[in-house]
2 protein chains.
Amino acid sequence: MIDWLKKVHLEFSESARDSAADLDCFHRALQEAGYDAQLDYAQMLRFYELIREADYNLTVTLLRDGKNWRVAAMEAGDSAAPLYALAVDLGSTTVSMRLLNVESGAVLAECTHRNAQREYGDDILSRIFYTTYDPARRKELQRVTVDTLNGLIREVCAAAEIAPEQCCAMALAGNTAMVHFLLGLDTFCLFHTPFLPRIRRVGWIDCAELGLCCAGYIYCFPCTANYLGGDIISGVLSTGFTKKDEISLFVDIGTNGEMVIGNRHFLIGGAGAAGPALEAGISKSGMRARAGAVDSIRIENGELRFTTIGGEKARGICGSGIVDLLAEMLLAGWMDGKGYLNEKASGRIREFEDGRAVVYADESESESGEPLYFTEADIRLFTDTKAAAHTMVELLLQAAGLPVEAVDNIYLAGAFGRHMDLESCITIGIYPDAPRDRFINVGNSSLQGATDLLLGRFTSEEADKVAEEIFYLEFAMEENFMALMQAACFYPYTDLTQYPTVAEKLKKLQTN
Amino acid sequence: MIDWLKKVHLEFSESARDSAADLDCFHRALQEAGYDAQLDYAQMLRFYELIREADYNLTVTLLRDGKNWRVAAMEAGDSAAPLYALAVDLGSTTVSMRLLNVESGAVLAECTHRNAQREYGDDILSRIFYTTYDPARRKELQRVTVDTLNGLIREVCAAAEIAPEQCCAMALAGNTAMVHFLLGLDTFCLFHTPFLPRIRRVGWIDCAELGLCCAGYIYCFPCTANYLGGDIISGVLSTGFTKKDEISLFVDIGTNGEMVIGNRHFLIGGAGAAGPALEAGISKSGMRARAGAVDSIRIENGELRFTTIGGEKARGICGSGIVDLLAEMLLAGWMDGKGYLNEKASGRIREFEDGRAVVYADESESESGEPLYFTEADIRLFTDTKAAAHTMVELLLQAAGLPVEAVDNIYLAGAFGRHMDLESCITIGIYPDAPRDRFINVGNSSLQGATDLLLGRFTSEEADKVAEEIFYLEFAMEENFMALMQAACFYPYTDLTQYPTVAEKLKKLQTN
């Protein structure tokens with residue numbers, strides 16, 4: 001039983017309504033049911049419309065906000081309809097929404113749309129610059145964000161055959177810029193010293209005030225900092241580790257690396273730029289994970305084999321393909337620890353006009369009939385990214401004063417966690433070489449956290465508290481960041497004793 | 001020191017604003033000052049505008065609503081400006097407003113305007129019918145009400161040379177219909193069985209939501225019932241008797257009679273129609289209390305003398321003149337206990353085409369050069385009114401199970417209390433014949449109650465509680481109402497032992 005969202009049926013006896021004002025009947029009936037909630041002026045007017053229409057028989061949906069209850073919806077009659085709510089992951093590229101029956105916990109519909117903000121730039125920075133110093137443009141970005149959400153609301157509601165007004169709560173997880181855009185706030189602050197969000201804890205906002213087509217209130221997950229946003233807070237809460245004694249590490253690597261370590265006694269988080277390497281932003285043939293993208297590679301007995309998304313001919317390589325490629329090349333002796341390719345190791349390694357490269361798909365395997373290759377320069381770009389990711393984890397462990405062995409669980413969030421091969425990631429040193437059963441893929445944990453909040457697995461106050469309690473490290477500001485980065489530019493790592501299972505594999509290779 | 005409205009100066013240190021989001025700085029600084037207040041979405045946007053403009057130095061005005069604090073205003077800088085608030089008596093004829101410095105208690109300006117609702121009818125009923133079943137007309141009435149208030153706000157603020165936005169609270173006392181009009185609520189319910197207001201307890205409403213040009217929140221005094229409105233609750237609270245052990249009676253007689261008896265242990269209130277007699281609605285020459293109205297009369301040694309408002313020649317007679325006329329005629333033997341005139345008693349008593357009458361202003365004393373007179377038929381109309389007033393007090397005493405001697409204080413509210421001669425009122429039996437020092441004129445107690453609330457002499461919750469606790473009698477529904485009315489149609493009263501001082505005077509007269 002969830003206890004933050006309640007339907008209360010109020011039927012006013014004839015004697016009650018003949019002896020008291022409508023609004024008094026309402027408050028008295030609510031109080032008899034054990035609740036106390038104030039109506040604001042707009043709700044008061046709505047109440048007066050409804051109460052007579054409904055012949056003094058109505059159902060009120062109450063939403064708990066800390067110690068107070070808010071009226072999230074009012075319906076005529078004794079509504080046996082379930083309590084519906086919407087969980088949202090507001091990503092800068094795509095937006096995902098889940099329609100939930102919060103009592104049964106059932107997911108009634110789920111849908112993902114393109115974020116219409118992309119009309120203003122694929123990267124967030126373009127959108128921020130577009131709106132800087134221009135309140136009208138901020139409103140414009142807010143409107144397209146709300147439009148995207150409304151499109152999703154209508155779609156999930158249509159799929160479940162309910163009206164949008166039947167949804168009386170929304171929990172939304174998004175990074176700091178996304179939440180600022182949604183609220184119509186100036187985002188320039190996010191990219192300007194001292195790099196501070198204008199808002200962290202948002203609380204519950206009236207959906208109507210934002211122009212959302214559902215009823216009730218929206219809760220936006222708070223951020224800890226500029227780069228450690230509500231999406232991460234939501235993800236962290238979805239794992240439940242902030243309530244446990246075990247020590248956990250939550251890692252989300254994308255264009256930025258965002259991570260949190262801790263347990264119920266302490267929480268340290270950090271974020272930093274990880275580079276575009278992991279989102280197919282490198283290599284001439286790098287691409288997003290779409291049909292035709294090489295997404296996994298194995299090298300066995302000197303033979304490279306790959307799969308593509310959709311089983312089509314290769315059109316390029318996506319992040320998981322790159323990670324596999326480098327890991328397999330390292331283990332096969334095609335690439336050394338510094339990221340240089342060994343032409344003698346395979347006929348696939350050749351010189352091209354843009355340097356030495358490995359052909360991961362040859363003429364017969366590629367859609368264009370041209371060989372698809374990955375150059376040493378591409379590898380160097382990727383090296384920076386993997387070094388950054390490794391260094392962030394290391395800095396976080398240092399800040400916590402813990403060896404990696406002390407970490408009981410490593411939660412891998414986001415697309416990276418979901419699609420990359422864990423073994424390959426460890427082989428090239430993105431993740432620490434910890435026992436494999438400690439790694440847990442949590443997928444879209446941001447959407448899951450929003451879902452969990454709606455299903456009452458934690459409260460909005462707990463989320464606010466976690467965001468507040470995380471001690472924040474700005475990785476780039478850490479003194480030894482650059483030195484550690486240097487050490488991490490080696491595959492899997494300069495100090496092989498930190499990568500015992502990889503060292504073992506490499507040793508086997510050398511003895512073969 | 002008032003404790004429900006507070007200015008809190010917040011200045012964010014450079015280190016605070018460099019390490020936390022603006023809104024967090026705000027909440028933290030407030031918490032350090034000992035407060036916790038949420039901003040709604042509109043306030044949040046306003047906050048973001050202001051905080052940078054104000055260079056992180058601002059003053060917040062907080063208003064306590066029960067256990068919670070609301071943000072009533074935000075200003076740049078360390079505002080040493082006083083806390084301003086507005087007390088309002090929203091009458092159906094005129095609207096009075098006082099601008100207060102709530103810390104010093106000073107009245108900075110006071111102003112009365114005509115209620116613009118009168119365009120829709122001088123009597124409330126016309127206005128109610130105008131708006132019945134028509135939401136657009138309800139909005140229209142709401143708009144003119146708000147316009148009237150805004151006109152007053154601008155005028156009192158101009159007089160004190162402050163901006164309307166510097167006022168951060170308003171306390172408004174009005175009868176039930178007035179508050180319904182202000183809130184844009186359907187008022188037909190007030191004149192239709194079961195004669196119930198749609199709203200009693202209103203609470204604090206955002207001034208901006210109502211379209212008021214001041215800042216902060218407006219509190220409307222709650223009503224106990226349809227005819228026992230917020231104006232009476234405000235008046236009752238202004239006297240302070242609901243906190244005392246002594247028993248008090250609060251009486252407001254106008255077109256309706258409204259009264260409350262009790263002390264801190266019990267409260268009984270009632271209301272009923274008193275008739276138009278007391279507002280100059282009778283007699284050909286009856287008029288409102290304006291220049292030229294006969295407002296006091298004395299008969300000594302067979303001679304009638306009067307005064308007029310402004311000292312001008314007589315144009316007609318107003319309520320206080322009528323009360324004096326009847327009292328003096330009774331004591332002079334010009335009129336008997338049944339309200340008949342004695343032609344032998346004075347040359348001023350003559351037959352006119354509309355019956356026997358007393359000439360209160362002769363040809364030489366009247367502006368028109370025609371005699372002004374008051375007929376026996378006029379007296380009969382007045383008799384009904386005075387009988388109704390007397391009966392209401394009697395019913396209230398009966399309901400409380402108390403003799404009139406048990407009442408320690410009799411508060412006389414409204415224009416009637418302010419302008420009528422107390423001795424005359426007792427002589428003709430409107431009020432009980434109690435020791436004169438128990439009568440206290442409280443004038444515009446409705447405006448005073450609003451003032452007292454703003455000055456912290458009682459809280460809005462206390463006002464809500466008093467309105468809730470008053471046990472309500474609908475006088476016209478009382479079984480013995482008509483019988484008691486009959487008995488009260490005699491001057492001063494059938495049972496003269498209830499009017500010992502008047503009996504004594506009459507006895508003296510007879511022996512002379």
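This is a tour of a predicted model, going from the pair of chains to their interface and then to one sheet of chain B.

**The two copies**

Start with chains A and B together. Chain B superposes on chain A by a rotation of 180° with 0.0 Å of shift along the axis, and the RMSD is 0.1 Å. The two copies are thus related as by a two-fold rotation axis. To find where chain B comes nearest to that axis, select B:Asn68: its C-alpha lies 4.9 Å from the axis, the nearest in chain B.

**The interface**

Next, select the residues of each chain that touch the other. There are 39 in chain B, in contact with 39 of chain A. Of the interface residues of chain B, 100% are also interface residues in chain A, so the copies meet through the same surface. About 3100 Å² is buried between the chains, 46% of it on carbon and sulfur atoms. Show B:Tyr41, B:Arg198 and B:Arg201 as sticks: in chain B these residues lose the most area to chain A, and together they account for 25% of what that side buries.

Now turn to the polar side of the interface. Four salt bridges are counted between chain B and chain A. For one example, select B:Asp24 and A:Arg200, whose side chains meet in a salt bridge at 2.6 Å, N to O. Nine residue pairs are in polar contact between the chains, with both residues at pLDDT 80 or more.

Colour the elements on the chain B side that give two or more residues to the contact with chain A: α1 (14–19), α2 (22–32), α3 (41–53), α5 (135–160) and α7 (207–210). Which of them gives the most? It is α3(B), with eight residues.

**A sheet in chain B**

Leave the interface and select the six strands of chain B that form an open sheet in the order β20-β19-β10-β11-β12-β21. Pairing in this sheet is mixed. The edges are β20 (439–443) and β21 (471–474) of chain B, each paired on one side only. On average, neighbouring strands are turned by 20° against each other, direction ignored.

Zoom in on β19 (residues 409–413) of chain B, which runs parallel to β20(B) and is joined to β20(B) by four bridges. One place to look is B:Ile410, whose bridge partner in β20(B) is B:Phe439.

Finally, add helix α10 (residues 376–400) of chain B, which packs on the sheet. This helix touches β10 (248–253), β11 (256–262), β12 (267–273) and β21 of chain B. Viewed against β11(B), the direction of α10 makes an angle of about 25°.

Technical notes:
Residues numbered from 1 in each chain as written. Chains lettered and ligands numbered in written order. Predicted model: local features only at pLDDT ≥ 70, side-chain atom pairs only at ≥ 80, totals over all residues. Heavy atoms only, no water. Least-squares fit on C-alpha atoms with pLDDT ≥ 70 in both. Contact = heavy atoms within 4.5 Å. Pairing = 2+ DSSP bridges. Axes fitted to C-alpha atoms, helices over the stretch in contact; angles between N-to-C directions. Buried area = accessible area lost by both parts, 1.4 Å probe. Polar contact = N/O pair within 3.5 Å; in protein donor to acceptor, adjacent residues only side chain to side chain.
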